[in-house]
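Q: Please take a close look at the salt bridges of this structure. I should like a connected account of where the paired side chains lie and how far they are covered, set against the rest of the fold.

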Amino acid sequence: MAGPESVKNTRLPQRTKMPTGIASLLMRIIAFALSGMAMAQPAPPTLAPELARTVTARMASDKVPGVVIGLIEGGVPVWTGAFGLADPSTGRAMREDALWRVESISKPVTAWGAMRLAEAGRLDLDAPAADCLLRWAPPDAGPAFSARQLLSHEAGIGLGDFNARYAPAQPRPDLPTHLAEDFSRIGAPASGFAYSDSGFNLVELMIEDCTGEDFADWMAREVLRPLGMTGASFDWTGVEMPVGHELRGRPVAPYVYPARASGGLHATLADITRFAEASMTGATQPVLSAQAVAELHRPRVAVGGLFGFAADGYGLGHFTETLSDGRAAVWHGGQGYGWMTHLHMVPETGDGIVILANSQRAWPLFAEVLAAWSEHLGVAPVGMARVLWAETAARFAIGALILLAAAALLAGLRRRAGRGLRITAGLLALPLVGLPVWAALQDYLFVFSILPRLAAPLGWAMTGAGVVLAFLSLAAGQPNNWRPR
C-alpha cells in the first residue's frame with residue numbers, strides 16, 4: 001500500500017495566547033481566510049509520522065484502499081496527508097484535494113443551515129414542523145415535533161431507508177414523495193434519542209419550504225461558500241471521485257440519495273477542515289453568531305444503545321462527549337455504501353481531526369488514529385476509539401471457541417459425555433453453526449464494520465466449535481476402552 005502523498009516535517013510553532021482587541025480580530029480573520037492552505041502549514045513533528053505509520057499499517061491489514069487526514073491545532077490546519085489509492089483498479093493515487101462523499105458529516109453542516117435560517121427569523125426551531133411544511137405533512141395525527149427535535153434526533157421518527165440509492169443520472173423520487181414512503185414514528189417527541197436520517201431529510205424539506213429555494217442552492221449560498229467550502233455541494237457535481245469499496249472489498253458505482261440533508265454532501269478534505277475551523281470557539285466566520293454555534297454543540301439528549309459506547313449526548317447535528325480532562329468535544333461520523341468519514345473537534349482549544357476513507361472497512365483504522373490523536377491531546381482515548389475493544393473481544397472469543405472445540409472433541413472421542421452435557425452441546429451447536437451461515441448471507445451487519453478482518457475468523461471459529469459440539473451431542477454416553485496412545 002502506498003505511503004502518504006505528502007507529510008510535512010517542519011517545526012510546529014509554539015502555541016501562545018491570542019492577543020486581545022483589534023489584533024486578535026485581525027489574526028482570526030487572516031487565519032480563516034488562509035484556512036484552505038493546509039499544504040503550506042507545518043506538521044506536528046511527532047504525531048504526523050505516527051499517524052502515517054498507523055494508517056499505512058491498518059490499510060494493509062484491514063484492506064482499506066485509501067485515506068486522507070487533516071489535523072487542526074489552535075484553530076488552524078497544521079497537517080494533511082493522503083495515503084493509498086483512489087482507484088486500485090487503475091492505480092490512481094489518493095490526492096488530498098479529492099472530492100468525497102462525506103455521508104453523515106452532512107448532518108452538522110445541515111444543522112448550520114437550519115440555525116442560519118433561525119437567526120434570520122425565517123425558521124422557528126421550536127414551532128411544530130408542520131407549520132413550515134407546504135408540500136408534505138405527516139400522514140397521521142400524531143403529536144407535533146419541532147425542527148429542534150429533528151436536529152437532535154428526539155422527534156420520535158424512525159431511521160429511514162439508508163439503502164435508497166440511485167445512479168446519478170437515474171430518475172429518483174422528489175423529496176415529498178420519498179418522505180411519504182420513508183416516514184415512520186417509533187416514539188413520542190422528546191421521549192429520547194433515536195437516530196434518524198428521515199428527521200434530517202425533513203429539515204431539508206422545511207428549509208426548502210421556508211425559503212422557496214432548492215436546498216442545495218440555498219446551502220451553497222448561505223453556508224458553504226461563506227465558510228470557504230468552495231469544493232462542497234449537496235448536489236451531484238460529476239467531478240471524478242475516489243472509488244468507494246464495500247465491506248467485501250468490491251468497488252461501488254457512484255450513487256446519490258433521494259434526499260441530501262442527512263448524507264448527501266460531497267466535499268474535499270479542505271472543505272471539512274474549513275467547516276471545523278469555523279466551528280471552533282472564538283472563530284471568525286460570517287454565517288452564525290458565537291451563541292448559535294455554542295447552541296449547536298450544547299448537549300440536548302443523552303445517547304444510549306450502540307451510540308452510547310462512543311458518545312455521551314447529542315446536540316443539534318453533533319454528537320457530544322466530555323474528555324477525560326473535562327473539556328467538551330463534538331463530533332460526527334459517516335458511513336455509506338463504500339465510504340466512511342469522521343470529524344472530531346475540541347472547540348475550546350481549536351483542536352480537530354478529519355479522516356476520510358473510500359472503504360467501509362475503515363472503522364478500526366479510524367479508532368486507532370483517534371486513540372493516537374487523543375494521546376497527543378493528553379486525554380484518554382475518545383469514545384470512537386472504543387471500536388478497538390471489539391477486536392480484543394473477538395480475539396478472546398476466537399480463543400475461547402478453539403478451547404471449547406478441543407475440549408468437546410476430546411470428550412466426544414473418549415465417549416465421556418453424559419446425557420445432559422450432550423443435550424447442552426446440541427443446543428449450543430445450532431446457533432454456533434446457524435449464526436455464521438445467516439451472517440454470511442447478509443449484505444451488511446454492524447459487526448462487519450467494526451471487525452473487518454476478524455469477522456470471518458470469528459465466524460469460522462463459531463462454525464468449527466458448533467460442528468464439534470454437534471459431534472459431541474451424537475456421541476454415545478457410555479465410556480469405552482479407547483485410550484490415546
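A: The account below begins with the model as a whole, turns to the salt bridges, and ends with other parts of the fold.

This is a predicted model. Its mean pLDDT is 88, and 88% of the residues reach 70 or more. Over residues 1-42, however, the pLDDT is below 50, although this stretch has 77 contacts in the model beyond near neighbours in sequence. A second stretch, residues 480-485, also stays under 50, and the model gives it 6 contacts beyond four places in sequence. Where pLDDT is low, the predicted coordinates should not be read in detail.

The protein has 14 helices and 13 strands. Of its 485 residues, 54% count as buried. Among the contacts with a separation of 6 or more, 73% are between residues 24 or more positions apart. The accessible surface comes to about 20800 Å², and carbon and sulfur atoms hold 60% of this area.

Within this fold there are 26 salt bridges. One of them joins the side chains of Arg-58 and Glu-391, with a distance of 2.7 Å from N to O. Arg-58 belongs to helix 2 (residues 47-62) and Glu-391 to helix 11 (residues 387-413), so that the pair links distant parts of the chain, 333 residues apart. Both partners are covered. Arg-58 counts as buried because its relative accessibility is 5%, under the 20% limit for that class. Glu-391, at 4% relative accessibility, counts as buried too.

A further pair is formed by Arg-185 and Asp-140, whose side chains meet in a salt bridge at 2.9 Å, N to O. Here the partners lie in loops: Arg-185 between helix 5 (175-182) and helix 6 (197-211), and Asp-140 between helix 3 (106-119) and helix 4 (147-151), so the pair ties together parts that are 45 residues apart in sequence. Arg-185 is partly exposed, with a relative accessible area of 24%. Asp-140 is also partly exposed, at 38%.

Glu-295 and Arg-148 form another salt bridge, with 2.3 Å between N and O. Glu-295 lies in helix 9 (residues 290-297) and Arg-148 in helix 4, and the pair links these distant parts of the chain across 147 residues. The cover of the two side chains falls into two classes: Glu-295 is partly exposed, with a relative accessible area of 24%, whereas Arg-148 is buried, with a relative accessible area of 13%.

Salt bridges also join into a network, whose members are Arg-135, Glu-204, Glu-208, Asp-209, Asp-214, Asp-235 and Arg-260.

Another acidic residue, Glu-181, is found in helix 5. Glu-181 counts as exposed because its relative accessibility is 63%, over the 50% limit for that class. Between the C-alpha atoms of Glu-181 and Asp-161 the distance is 9.2 Å, and the two residues are 20 apart in sequence.

Away from the charged pairs, strand 11 (residues 328-336) offers a view of the sheet structure. This strand is mostly covered, with 7 of its 9 residues buried. Strand 11 pairs with strand 10 (residues 319-322) in the antiparallel sense over 4 bridges, and Val-330 of strand 11 is the bridge partner of Thr-320. The hairpin of strand 10 and strand 11 has 5 residues between the strands, and Gly-326 in this hairpin takes a positive phi near 95°. Strand 11 also pairs with strand 12 (residues 339-346), again antiparallel, over 7 bridges. Val-330 stands opposite Met-345 in strand 12. These two strands, 11 and 12, form a hairpin with 2 residues between them, and Gly-338 in the turn has a positive phi of about 100°. In a regular strand the side chains alternate between the two faces of the sheet.

The surface also carries a nonpolar patch, formed by Leu-306, Phe-309, Trp-389 and Phe-446, with about 460 Å² of accessible area together. Phe-446 lies in helix 13 (residues 446-450). At 35% relative accessibility, Phe-446 counts as partly exposed.

To return to the request, the cover around the described bridges varies: Arg-58 and Glu-391 are buried, Arg-185 and Asp-140 are partly exposed, and the remaining pair combines a partly exposed Glu-295 with a buried Arg-148.

How values were computed. Residues numbered from 1 in each chain as written. Predicted model: local features only at pLDDT ≥ 70, side-chain atom pairs only at ≥ 80, totals over all residues. Heavy atoms only, no water. Salt bridge = Lys/Arg side-chain N within 4 Å of Asp/Glu carboxyl O. Buried < 20%, exposed > 50% of the residue type's maximum accessible area, 1.4 Å probe, protein only. pLDDT = per-residue confidence, 0-100. Contact = heavy atoms within 4.5 Å. Pairing = 2+ DSSP bridges. Patch = residues over 30% accessible without salt bridge, like charges linked within 9 Å, V, L, I, M, F, W, Y side chains within 5 Å. Areas by Shrake-Rupley, 256 points an atom, 1.4 Å probe, with all protein chains shown as cover.
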